[in-house]
Amino acid sequence: YFHLNIVAKLGLCPWAKQSLSRSGTVRINIVRTNYQNSVANLGGYEDAIKSAAADLLLVTNHITDDSRKNNVQVPDSVGKTEKIKHCYEVDGPPVVDPKLAITFIVLAPSESLSVPGSSISFPEFYEFVDNLESKLFDEADAGISSTGDLVTIAGFHPQWEFLGLTNSPINFEKQSPYPTVSLVLTESIDEAGQEATERISKHNKEVLSSIGIQMLSKIFREKVIRPPPE
């Protein structure tokens, strides 16, 4: 509901509607937790994120089981983009359009998905995502795993708050019903370019500010925080 009624409907991502209109492009993985000792229990969530990243690479023809195991080495003289393509792109059409593919890994309470929220605080979750991103980059640099080079992660949280923007409508850009990590191919972001990224950010700030925090709160309550269909 967040992706459909906030991101796509408000136009916060120019590719959201296309992703939703194509079967299999938006992938959602739900990880159940009892939220007890929340930080300690995030190891399973990290494993789920890494597994989802591997699946994303597979369905977009960027990696195979054999190449993941063997991790073909390319001389350092080869450019980064060429190195990634040489090692991991495979022949044949991808199952999912790489430019539109996105995966969400949702950390949901074990008892019911109909009660949004989280006892994992925003600072805890933000630190987890930040540390995981650094860990993936370190593993890529060490040649342990290529995920950090190929996949970009982003966090969302019910209490997400940008630095210095307390009680700002702009925070709704990253406020989801449950703690969530999204995965997209890094090359898709790179192809769009820095100018497009800045344009999208400016557009989102203008749209959310024009709607206002009261109306956004109403939309969130009525269109996002709702039980899933049976």
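Let me start with a single pair of residues: Val151 stands opposite Leu185 in strand S4. That pair belongs to the place where S3 and S4 run side by side, in the antiparallel sense and over six bridges, and I should say at once that what we are looking at is a predicted model.

Stepping back to the sheet as a whole, we have four strands in the order S1-S2-S4-S3, forming an open sheet with mixed pairing. Strand S1, residues 26-33, and S3 are the edge strands, each with a single partner, so one side of each is left without a neighbour in the sheet. From one strand to the next, the twist averages 20°.

Now the helices that lie on this sheet. H6 lies across S3 and S4, and its direction is at about 175° to that of S3. Helix H8, residues 186-211, also packs on the sheet, where it touches S3 and S4, and its direction makes about 65° with that of S4.

I would like to stay with H6 for a moment, beginning with a check on its geometry. The helix has 20 residues, 122-141, and at 1.5 Å a residue it should span 28 Å; the C-alpha atoms at its ends are 29 Å apart, which agrees. Which residues of H6 are buried? They are Phe122, Phe125, Phe128, Val129, Leu132, Leu136, Glu139 and Ala140, and, seen down the helix axis, they fall within an arc of 125°, so they line one face of H6. On the other side of the helix, Pro123 and Asp141 are exposed. As for what the buried residues pack against, the list is helix H3 (42-59), helix H7 (147-150), strand S3 (151-156) and strand S4 (180-185). After H6 comes Gly143, with a positive phi near 75°.

That brings me to the core. In soluble globular proteins, nonpolar side chains tend to be buried together. Here the largest nonpolar core has 25 residues, and those with the most contacts inside it are Tyr45, Ile49, Phe128, Val181 and Leu183. The elements that give two or more residues to this core are H3, strand S2 (102-109), H6, S3 and S4, with the largest share, eight residues, coming from H3. If we take Tyr45 and leave aside residues up to four places away in sequence, the residues that it touches include Val31, Ile105, Leu107, Phe125, Phe128 and Val181. Apart from this core lies another, of eleven residues, among them Ile6, Val7, Leu12 and Phe172.

One backbone detail deserves a separate remark. Most residues other than glycine have a negative phi. Asn167, although it is not a glycine, has a positive phi of about 55°. Where is Asn167 found? It is in the loop between S3 and S4, and Asn167 is exposed, with a relative accessible area of 63%.

Let me finish with the chain as a whole. There are nine helices and four strands, and, read along the sequence, they follow the pattern α-α-β-α-α-α-β-α-α-β-β-α-α. Of the 230 residues of the chain, 41% count as buried. Finally, if we take the contacts between residues at least 6 apart in sequence, 78% of them join residues at least 24 apart.

Definitions and conventions: Residues numbered from 1 in each chain as written. Predicted model: local features only at pLDDT ≥ 70, side-chain atom pairs only at ≥ 80, totals over all residues. Heavy atoms only, no water. Expected span 1.5 Å × (residues − 1). Buried < 20%, exposed > 50% of the residue type's maximum accessible area, 1.4 Å probe, protein only. Arc of directions from axis to C-beta. Contact = heavy atoms within 4.5 Å. Pairing = 2+ DSSP bridges. Axes fitted to C-alpha atoms, helices over the stretch in contact; angles between N-to-C directions. Core = buried A, V, L, I, M, F, W, Y, C linked by side-chain atoms within 4.5 Å.
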